[in-house]
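Trainee: Could you take me through one part of this model in detail? I would like to look closely at the place where protein and DNA meet.

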Number of protein chains: 2
Amino acid sequence: MMESKRPPSKFVAAISHIREMIKADRIGSGDKLPSERELSERLSIGRSSVREALRALELLGMIETRRGEGTYLRDFKDHQLVPLIGTFIFNDDQKKEHVHDIKTILEMGCLALLAVQPDFNQHSINYTETAFHELMDASGNSLLKKMWIIISDYAGDSGGQADERLTELLSGIRHINHS
Amino acid sequence: MMESKRPPSKFVAAISHIREMIKADRIGSGDKLPSERELSERLSIGRSSVREALRALELLGMIETRRGEGTYLRDFKDHQLVPLIGTFIFNDDQKKEHVHDIKTILEMGCLALLAVQPDFNQHSINYTETAFHELMDASGNSLLKKMWIIISDYAGDSGGQADERLTELLSGIRHINHS
DNA sequence: TCATTGAAGTGGTCAGACCACACGATTTAC
DNA sequence: GTAAATCGTGTGGTCTGACCACTTCAATGA
């Protein structure tokens, strides 16, 4: 028979338990969670397992730990994951040009989004680094902006200057005929 | 006063160290990482701290641990980000739209990168989901592909069909005159 | 009244001890 | 000779107890 179920590790179970506890006990943003030692008791698992779970939740930005004080529930917003995922993706051998190209692509995408808006007015646009901050807002895609900001960070751009790579890609994309 | 650096916790440092080690030692997908005990020695930190780091990386899907065997580096495409995010995030319609637009933007960027390549041949291109897997490779930007994979997973692909949003944005971008 | 002290609680870290499991070499049985 | 059972070693999984550094707050003292 298809034997399968391997009991999930304690620390994975602990993550679930802790989250259930948060919900059940009506713990809100900024509130304090039980101490690690107390969690250890209540969940009947070792403190080390509790810690592995808490560290993971901390990395995700769900909780905040303050030495000497305790563990607190954060106001968790999904966009906090964007930088995290960023470090995950950017980790390896990424070449600088790749990062820069991605940034340019996002800017190009931003322009495309603007261009398909009903009230689009090309003349009100310029293409400096600072201008794109507003353009990203105008695009209406908050995720796009977050990604762009993160990418810009990694690209370590000097700012200010308009990017010639953007010009290049924009002219390149014109050769694409998608019918 | 410039109050500042509190040394990051050992486990956060361990995450960085481990990732550096992976890069330095040329550990590839499927390869085995040093054992927890060895990592503990090499990094001069306790095994529990090593474990907290490894658990976090495991949660993200970067590594895979097999009891009795060891810890292995996962292939990037097996990342756990989507299910992970899914358990933490509420997805409204607007967010889905944003994600989908990002995906389309990345595809458009891919096309732009291809278009500026010397040997570009538009006729060899089609625009299905599967085709973009190869197009992403052809673009030469591995980072772009990674992002696209994640976003595609998250967007929950419709599959083989070409996307009309891509057509829309492509036609939109033509209205941009960047001189 | 106000500063000092110190106890208690908390997260941060470590070391050691088991356990369960997987693998491979050795030994054993056929 | 070959196949099966055995056992040693290494691994991750977990628990415990012990410190440390830090924060808070009540008790203490000037």
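How do the residues of the surface near DNA strand D divide into nonpolar, polar and charged?

Mentor: Happy to. This is a predicted model, in which local features need pLDDT of at least 70, side-chain atom pairs count only at pLDDT 80 or more, and totals for chains, interfaces and linings use all residues. Residues are numbered from 1 along each chain as its sequence is written, chains are lettered from A and ligands numbered from 1 in the order in which they are written, and side-chain values use heavy atoms, with hydrogens and water left out.

To your question: the surface near DNA strand D has 13 charged residues, 10 polar and 1 nonpolar. Here, Asp, Glu, Lys and Arg count as charged, Ala, Val, Leu, Ile, Met, Phe, Trp, Tyr, Cys and Pro as nonpolar, and the others, Gly among them, as polar. A residue is near the strand if one of its heavy atoms lies within 4 Å of it. Of the 24 residues around DNA strand D, those that come nearest are A:Lys10, A:Gly46, A:Ser49, B:Glu36 and B:Arg47. On the DNA side, sugar and phosphate make up 69% of the atoms of strand D that come within 4 Å of the protein.

Now for individual polar contacts (pairs of N or O atoms within 3.5 Å). A:Ser49 places a polar side-chain atom 2.8 Å from a phosphate oxygen of DNA strand D, and a side-chain N or O atom of B:Arg51 is 2.9 Å from a phosphate oxygen of that strand. B:Arg37 instead reaches a base nitrogen, with a polar side-chain atom 2.9 Å away. Elements giving two or more residues to this surface are helix H3 (47-60) of chain A and, from chain B, helix H2 (36-43), helix H3 (47-60), strand E1 (63-66) and strand E2 (70-73). Helices (H or I, at least four residues) and strands (E, at least two) are DSSP runs numbered from the N terminus.

The H3 helices also take part in salt bridges (a side-chain nitrogen of Lys or Arg within 4 Å of a carboxyl oxygen of Asp or Glu). One of these pairs B:Glu52 with A:Arg51 at 2.9 Å, N to O. B:Glu52 sits in helix H3 of chain B and A:Arg51 in helix H3 of chain A, so this pair joins two chains. B:Glu52 is buried at 8% relative accessibility, while A:Arg51 is partly exposed at 24%; buried means under 20% relative accessible area, exposed over 50%, and partly exposed in between (1.4 Å probe, protein chains only). Both residues belong to a salt-bridge network that also includes A:Glu36, A:Arg47, A:Arg55 and A:Glu58.

Conventions. Polar contact = N/O pair within 3.5 Å; in protein donor to acceptor, adjacent residues only side chain to side chain.
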